[in-house]
Amino acid sequence: MLNLSNNTNNKTHKIEPDYIILRKILRKALSGKRLDNDDLIILLEEQEEKAVEEIIFTADTLNKKINSDKVSYVVNRNINFTNICGLNCRFCGYKRTKNSKDAFLLDYDKIIEKISDGIESIGIDEICVTGGINPELKANPDYYFDLIKAVRNNFPKLHIHAFSPQEIYELSKATDKNYAQVIEKLVNCGVNSMPGTAAEILAEETRKKICPQKINTAEWTEIIKTAHILGVKTSATVLFGHIESSGDLAYHLNIIRRLQDETAGFTEFIALPFISPKTSLGKSISGNRVIGEKRVLKFYAILRLYLDNFKNIQTSWPKIGVSAALKSFDCGINDFGGTLMEENITKSAGGKFGEFLEEKEIINLIKQAGKIPVRRDTIYNYI
Ligand code: SF4
């Protein structure tokens, strides 16, 4: 049942039965009124099965109002150009040190070859370019700019979705330029949009525990805001299902919703469940803990209810598997994500759900779930 013991400021909550409070929140969301922080905490803390079913049902109803039965997807390829990283995020199974036997830094020819392969084999519209924070590149920041130039020169029409706020921060330090100058230079080289990754959890205390060397919340927010002001769209993300509390998630989602109010620069929200098996954080919290499907689906539903300024909320098939991803279309989700072609990050953390789905498989899966598949580009124009 709902635990309202923390809501000491709200006397009404104390005398109302839990199900009445929940229904009021759900009605509020359905009628288009904005949920507040207390509402969000109540939804996040709710465990009772029937209540969770109501949350999911309401999210599904709301999603149908916004997106009807359409489920979009993008035909894309990930380009992870290096796995060498000088940071030590505790949830990461991807990073390697320079001397690891499977460490790599791709040269431009290899990157162009991978993109050509993606275009010829499946007709990709987008590449998503990110990598580890490779210490060697600090002395050679031109690697980043020249990489984008090389891709743009070879593929004038391809959408280049590149570099997380962490990478922008590192480039800013390495080039002695501010964030706006770095982003502008990347755009001039050919970048179209940016991933809103490296957000992890924006509640500072927990953030410091899971990724102590990463940019802090203020830096992440400033970089994203700068990109949006310059007209560069980004995604928004959260890493959940590790040591974060409901309060941490509420804090994170509030920052994201406020930023979207200010800039309208986020294209979508992507909630990434923590994949634990091969990570130090996973080993330290409870052996090889894997976040359960029910918890993921409930969180997706809450996102639909709380993020009233987001049209697009994406499932994460490499992390939760195709079967759970299909169920998520009845829980408020309207986007399947991409073909990916090469998904290294989840796999390295112990994910077991694959790294590539062909477009025709995605179309069939979406139809199987009773939905209408729609191919889109990175910024959600339907193709
Ligand atoms: S998450 Fe990224 S920045 Fe953090 S250790 Fe892994 S590769 Fe490096």
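Helices (H or I, at least four residues) and strands (E, at least two) are DSSP runs, numbered from the N terminus. With that in hand, Phe-310 can be placed in the loop between α14 and β7 (313–314).

This is a predicted model: local features need pLDDT of at least 70, side-chain atom pairs count only at pLDDT 80 or more, and totals for chains, interfaces and linings use all residues. Residues are numbered from 1 along each chain as its sequence is written.

## Two domains

The protein chain splits into domain 1 (11–65) and domain 2 (68–375). These bounds come from an automatic or database domain assignment. The C-alpha centres of the two domains are 29 Å apart. Domain 1 puts 18 residues into the contact, and domain 2 puts in 20 residues. Here, two residues are in contact if their C-beta atoms, placed from the backbone, lie within 7 Å.

Look at the side of domain 1 that touches domain 2. Two or more residues come from each of α3 (37–45) and α4 (49–67). Helix α4 gives the largest share, nine residues. By type, this side has 11 nonpolar, three polar and four charged residues. Ala, Val, Leu, Ile, Met, Phe, Trp, Tyr, Cys and Pro count as nonpolar, Asp, Glu, Lys and Arg as charged, and the others, Gly among them, as polar.

## The core and helix α14

A residue is buried if 20 or more other C-beta atoms lie within 10 Å of its own, exposed if 12 or fewer, and partly exposed in between, with C-beta atoms placed from the backbone. A nonpolar core is a set of buried Ala, Val, Leu, Ile, Met, Phe, Trp, Tyr and Cys residues joined through C-beta atoms within 7 Å. In soluble globular proteins, nonpolar side chains tend to be buried together.

The largest nonpolar core has 100 residues. Those that touch the most other members are Phe-269, Ala-271, Tyr-300, Ala-301, Ile-302, Leu-303 and Leu-305. Which helix gives the most to this core? Helix α14 (residues 293–306) does, with nine residues. The core draws at least three residues from each of domain 1 and domain 2.

Helix α14 is largely enclosed by the rest of the structure, because 11 of its 14 residues are buried. Among them are Lys-298, Arg-304 and Tyr-306. Ile-302 is also on that buried list. Not counting residues up to four places away in sequence, Ile-302 touches Leu-43, Leu-44 and Ile-55.

## Helix α12

The buried residues of α12 include Asp-248, His-252, Ile-256 and Arg-257. They pack against α3, α10 (204–210), α11 (217–229), β5 (234–240), β6 (266–273) and α14. Just after α12, Ala-264 takes a positive phi of about 50°.

Both α12 and α14 can be checked for length. The expected span of a helix is 1.5 Å times one less than its number of residues. For α12 (residues 246–263), 18 residues should span 26 Å, and its end C-alpha atoms are 26 Å apart, which agrees. For α14, 14 residues should span 20 Å, and its end C-alpha atoms are 20 Å apart, which agrees.

## Single residues

Some positions deserve a closer look. The table lists their places and neighbour counts.

| Residue | Place | C-beta neighbours within 10 Å | Class |
|---|---|---|---|
| Leu-26 | helix α2 (residues 18–30) | 22 | buried |
| Ser-68 | loop between α4 and β1 (70–74) | 11 | exposed |
| Phe-310 | loop between α14 and β7 (313–314) | 19 | partly exposed |
| Leu-340 | loop between β8 (335–338) and α17 (345–348) | 21 | buried |

Leaving aside neighbours within four places in sequence, Leu-26 is in contact with Glu-54, Ile-55 and Thr-58. On the same basis, Phe-310 is in contact with Gln-260, Phe-266, Glu-268 and Phe-269.

What is the sign of phi at Ser-68? Phi of Ser-68 is positive, near 45°, in a residue other than glycine. Leu-340, also not glycine, has a positive phi near 70°.

## Around the ligand

The ligand is surrounded by Cys-85, Leu-87, Asn-88, Cys-89, Cys-92, Tyr-94, Lys-95, Gly-132, Ile-133 and Gln-166. A residue is near a molecule or strand if its C-beta atom, placed from the backbone, lies within 6 Å of it. This shell divides into six nonpolar, three polar and one charged. Gly-132 and Phe-310 are 178 residues apart in sequence and 29 Å apart in space, C-alpha to C-alpha.
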